[in-house]
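Okay, thanks everyone for coming. Have a look at the chain on the screen, and I'll talk you through it.

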Amino acid sequence: MHLSRFPRVKLTQAPTPLQPLARLTALLGGPNLYIKRDDNTGLALGGNKTRKLEFLIGEALARKATHIVTQGAVQSNHVRQTVAAAALHGLKATVLLEERVAEADAIYRENGNVLLDQIFGASIEYRPAGLDMNQELVAVGERLRAAGEEPYLIPGGGSNPVGALGYVESAQELIAQANDRQLRIDHVVHATGSAGTQAGLVVGLEGNNAQIPVLGISVRAPREKQEENVARLAQATWELLGIRGDFPREAVEANADYVGGGYGVPTEGMLEAVQLLARTEGILLDPVYSGKGFAGLLDLIRKGRFRKDENVVFVHTGGAVGLFAYQPVLARHAAQAAQAS
């Protein structure tokens, strides 16, 4: 797929590493685990949104935008990377933070990604949970346009067909890495939320006839809703690229068994996954996305979802900055684990 047809800026330090998780694989007794380190994309401490922003910021500049407007949860990794990309290209940034997590304490509201949003110079506005956040984006865009700005609106997670191109590119990068080391990839697993990462991966892998299934571990929506969201965006991305034939709807698979109490609400599985990967491989997950995604992978391994001889790649979408916003619960879990050992 010829992605150079689309406006783009360079933000990602690519290719990101594809590395084996040898100690964890041995501990679990298989399958053979690998991790695609998209937590190491570079911009603003890294994360998966950087790949999407290459195309989104590219389009914004092509349209002569002066002001980026986006939205996300209070501890949004997407917002952090977006305001950094805007600063890098001399664009103003206004962000709308949705208060999705009930009873959030001051540490959650002021630390982690929120602190970095402030350092990068974003204008921050808060919204209560449950609003149509994309409509809120439109309203802010109209207000800025009336004030003489040229706004460019980026949906939550950067998840539209333009943003999804970043993970079409990532899929092609992953195929090249696997071919270079003669690695047969049997499964790709990752955390799925706003749908852009999964849609891009599925389109990239299916469009290249890679025959590698993708499983998204949902961090918010029920399975049927998540699969619907991913399939709709994948279809639009497929059409944007002009790929011949029909998009294979059956390639979209999500599992919503590991959401727990809701978006951003810690689970025991997430806490175990964060600690286990840190203490076996020295890699930090985040508490909202990759932590729950990896918790799902661990549980599915224990349930026998994968054969012992299969090669499974977990795509690390970043977000370790968010750990600092969850300091009390993470510290408590680590202390309890230390007492039990």
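So, which residues are linked in a network of salt bridges? They are Lys36, Asp38, Arg51 and Glu173. A salt bridge here is a side-chain nitrogen of Lys or Arg within 4 Å of a carboxyl oxygen of Asp or Glu.

Quick word on the ground rules. This is a predicted model, so local features need pLDDT of at least 70 and side-chain atom pairs count only at pLDDT 80 or more, while totals for chains, interfaces and linings use all residues. Residues are numbered from 1 along each chain as its sequence is written, and side-chain values use heavy atoms, with hydrogens and water left out.

Back to that network. Glutamate 173 and arginine 51 form a salt bridge, with their closest N and O atoms 2.8 Å apart. That pair links distant parts of the chain: glutamate 173 sits in helix 7 (residues 161–180) and arginine 51 in helix 2 (residues 49–62), 122 residues apart. By helices and strands I mean DSSP runs, H or I of at least four residues for a helix and E of at least two for a strand, numbered from the N terminus. Glutamate 173 and arginine 51 are both buried; buried is under 20% relative accessible area, exposed is over 50%, and partly exposed is in between, using a 1.4 Å probe and protein chains only.

The salt bridge count comes to 23. Another one joins glutamate 228 and arginine 232, at 2.7 Å from N to O. Both lie in helix 9 (residues 223–241), 4 residues apart, about one turn of the helix. Glutamate 228 counts as partly exposed because its relative accessibility is 39%, and arginine 232 is partly exposed too, at 46%.

Now the sheet. It's open, with 6 strands in the order 1-2-10-7-8-9 and mixed pairing. Strand 1 (18–20) and strand 9 (252–255) are the edges, each pairing on one side only. Strands pair if DSSP finds at least two bridges between them. Strands 7 (residues 187–192) and 8 (residues 214–218) run parallel, over 5 bridges, and valine 189 has leucine 215 in strand 8 as its bridge partner.

On to helix 10, residues 268–281. Its 14 residues reach 20 Å from first C-alpha to last, close to the 20 Å expected at 1.5 Å a residue; that expected span is 1.5 Å times one less than the number of residues. Its buried residues include Met270, Leu271, Val274 and Leu277. Among the elements covering the buried residues are helix 1 (22–28), strand 2 (32–37) and helix 12 (327–340), where contact means heavy atoms within 4.5 Å. Right after helix 10 comes glycine 282, with a positive phi near 70°.

Some backbone oddities to finish. There's a cis peptide bond between alanine 14 and proline 15, omega about 0°, and proline 15 is in the segment before strand 1. Glycine 30 and proline 31 are also joined by a cis peptide bond, with proline 31 in the loop between helix 1 and strand 2.

And where does leucine 45 lie? In the loop between strand 2 and helix 2. Leucine 45 has a positive phi of about 75° although it isn't a glycine, and at 63% relative accessibility it counts as exposed. Asparagine 209 has a positive phi as well, near 55°, and sits in the loop between helix 8 (196–207) and strand 8.
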